[in-house]
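Okay, thanks for coming, everyone. I'll put the sequence and the structure up, and then we can walk through them together.

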Amino acid sequence: MNATGDPLLDERALSKLRWRCRRGLLENDLFIERFFSRHESGLTVSQAEALGVLMDLSDNDLLDLLLGRTHPEGELARADVSQVLGMLRAARTTI
């Protein structure tokens with residue numbers, strides 16, 4: 001459990017999440033790989049759920065969000081999705 005009381009993702013759920021996050025665009029995969037490299041040991045269940053919402057997007061829509069070309073709107077305009085998007089974008093500085 002983390003400081004906010006949100007349980008950490010277990011190993012099996014983490015493995016499933018990594019598989020689900022495989023993308024067709026190399027650029028997205030680079031963001032996601034660096035995200036997991038930095039955060040996988042501390043990912044919470046709610047962060048994983050927010051990441052799942054982002055993974056429901058098309059590759060181009062996801063890339064636009066990651067690059068800051070667009071901003072979360074509608075059902076994506078949630079605090080948890082914005083937090084995970086920020087974590088993903090932080091990986092950009094090393095690409």
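I'll go from the overall fold to the core, then to one helix, and then to the charged pairs.

First thing to keep in mind: what you see is a predicted model. So, what is the chain built from, in helices and strands? The protein chain has five helices and zero strands. If you read from the N terminus, the order is α-α-α-α-α.

On overall dimensions, the C-alpha atoms fill a box of roughly 35 × 25 × 25 Å along the principal axes. The radius of gyration is 13 Å, and a compact globule with 95 residues would come out near 12 Å, so the chain agrees with that rule. Buried residues make up 34% of the 95 residues. The exposed surface of the protein chain is about 5,600 Å², and carbon and sulfur atoms supply 51% of it. And if you like contact statistics: taking contacts with a separation of 6 or more, 69% of them are between residues 24 or more positions apart.

Okay, the inside. The largest nonpolar core has 25 residues. Which of them touch the most other members? Those are L17, F35, F36, L43, L51, L54 and L88. α1, α2, α3, α4 and α5 each supply at least two residues of this core. The largest share comes from α3, with six residues.

Let me zoom in on L51 for a second. Leave aside the neighbours within four places in sequence, and L51 is in contact with L17, C21, F35, F36, V84 and L88. L17, F35, F36 and L88 are also on the list of residues touching the most other core members.

Now α4, so please rotate to that one. Which residues of α4 are buried? L62, L63, L65 and L66 are. They cover an arc of only 160° around the axis, so they sit on the same side of α4. As a reminder, an α-helix has 3.6 residues a turn, so residues three or four places apart point the same way. The buried residues of α4 pack against α2, α3 and α5, the last of these being residues 79-90. Then, after α4, you get G68, with a positive phi near 80°.

On to charges. Side chains of opposite charge can pair when their charged atoms come close. How many salt bridges does a search of the whole structure find? Six. I'll show you a few of them.

Start with E33 and R18: they form a salt bridge, with the closest N and O atoms 3.1 Å apart. E33 is in helix α2, residues 26-39, and R18 is in helix α1, residues 11-20, so this pair links distant parts of the chain, 15 residues apart. Are these two buried or exposed? In between, really: E33 counts as partly exposed because its relative accessibility is 42%, and R18 is also partly exposed, at 28%. There is a bit of a network here too, with R18, E33 and E40 linked by salt bridges.

Next, D56 and R20. Their closest N and O atoms are 2.3 Å apart, and they form a salt bridge. D56 lies in the loop between α3 (45-55) and α4 (59-66), while R20 is in helix α1, so the pair ties together parts that are 36 residues apart in sequence. D56 is exposed, with a relative accessible area of 59%, whereas R20 counts as partly exposed at 38%.

One more: D64 forms a salt bridge with R69, and there the closest N and O atoms are 2.9 Å apart. R69 counts as exposed because its relative accessibility is 55%.

Last bit, a couple of spots for orientation. S82 is in helix α5 and is partly exposed, with a relative accessible area of 38%. From S82 to S15 you have 67 residues in sequence and 23 Å in space, C-alpha to C-alpha. P7 is in the segment before α1, and at 38% relative accessibility P7 counts as partly exposed. P7 and R78 are 71 residues apart in sequence and 19 Å apart in space, again C-alpha to C-alpha.

That's my tour, so over to you for comments.

Definitions and conventions
Residues numbered from 1 in each chain as written. Predicted model: local features only at pLDDT ≥ 70, side-chain atom pairs only at ≥ 80, totals over all residues. Heavy atoms only, no water. Salt bridge = Lys/Arg side-chain N within 4 Å of Asp/Glu carboxyl O. Helix = DSSP H or I, 4+ residues; strand = E, 2+ residues; numbered from the N terminus. Buried < 20%, exposed > 50% of the residue type's maximum accessible area, 1.4 Å probe, protein only. Arc of directions from axis to C-beta. Contact = heavy atoms within 4.5 Å. Rg over C-alpha atoms; globule rule 2.2 N^0.38 Å. Areas by Shrake-Rupley, 256 points an atom, 1.4 Å probe, with all protein chains shown as cover. Core = buried A, V, L, I, M, F, W, Y, C linked by side-chain atoms within 4.5 Å.
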